[in-house]
Amino acid sequence: MSSAPFGQMETHTARKRHSCDWCPEPIAPGEIYARWCVVDAGDFWMTKLHPECNEAIDREERASGGHSDFVSWGELHQSGKTEDDSDD
């Protein structure tokens, strides 16, 4: 486990099954995943992501000039968008 400051991404190895907060796929025991924790308006949030999902969010933030509303792939899919649409 790394010792990244609060609010920054850390890399972990899953000891149990987790759900990725971006895509509908599980994070299996033994898999590496990205995790970050933040407090927003008094609410605590912990996000767990596959490395490739974390990279997709980073690409979206760079494409939008440094800010991206966190919308999961599941939410995009439910709104009728495809994976190709999420790369725009």
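Student: What percentage of the residues of the protein chain count as buried?

Tutor: The model is a predicted one. A residue counts as buried under 20% relative accessible area. The protein chain has 88 residues, and the part of them that meets this cut-off is 28%.

Student: How much of the accessible surface belongs to carbon and sulfur atoms?

Tutor: The accessible surface of the protein chain is about 6,200 Å². The share of this surface that belongs to carbon and sulfur atoms is 49%.

Student: In what pattern do the helices and strands follow each other along the sequence?

Tutor: The protein chain contains five strands and three helices. Read along the sequence, they give the pattern β-β-β-β-β-α-α-α.

Student: Which strands are the edge strands of the open sheet?

Tutor: Three strands make up this open sheet, with antiparallel pairing and the order β1-β4-β5. An edge strand pairs on one side only, and this holds for β1 (10-13) and β5 (43-49). On average, neighbouring strands of the sheet are turned by 30° against each other, direction ignored. The edge strands are therefore, with pairing taken as at least two bridges, β1 and β5.

Student: Over how many bridges do β4 and β5 pair?

Tutor: Strands of a sheet pair through backbone hydrogen bonds, either parallel or antiparallel. Strand β4 (residues 32-40) pairs with β1 in the antiparallel sense over four bridges. Between β4 and β5 the sense is also antiparallel, and the number of bridges is seven.

Student: Which residue in β5 does Trp36 stand opposite?

Tutor: On the β1 side of the sheet, Thr11 stands opposite Ala34 in β4. On the β5 side, the residue opposite Trp36 is Thr47.

Student: Which residue takes a positive phi in the hairpin of β4 and β5?

Tutor: This hairpin has two residues between the strands. The residue with a positive phi, near 55°, is Ala41.

Student: Which helix gives the most to the largest nonpolar core?

Tutor: In soluble globular proteins, nonpolar side chains tend to be buried together. The largest nonpolar core here has ten residues, including Trp22, Tyr33, Leu49 and Ile57. One helix, residues 51-63, gives the most to this core, with three residues, and that helix is α1.

Student: Which residues does Cys20 touch, not counting those up to four places away in sequence?

Tutor: Cys20 is one of the residues of the largest nonpolar core, as are Ile27, Leu49 and Cys53. A contact needs heavy atoms within 4.5 Å. The residues that Cys20 touches are Glu25, Ile27, Lys48, Leu49, His50 and Cys53.

Methods: Residues are numbered from 1 along each chain as its sequence is written. This is a predicted model: local features need pLDDT of at least 70, side-chain atom pairs count only at pLDDT 80 or more; totals for chains, interfaces and linings use all residues. Side-chain values use heavy atoms; hydrogens and water are left out. Axes are lines fitted to C-alpha atoms, for helices over the stretch in contact, and angles run from 0 to 180 degrees between N-to-C directions. A nonpolar core is a set of buried Ala, Val, Leu, Ile, Met, Phe, Trp, Tyr and Cys residues joined through side-chain atoms within 4.5 Å. Buried means under 20% relative accessible area, exposed over 50%, partly exposed in between (1.4 Å probe, protein chains only). Accessible areas come from the Shrake-Rupley method with a 1.4 Å probe; for residues, only the protein chains shown count as cover.
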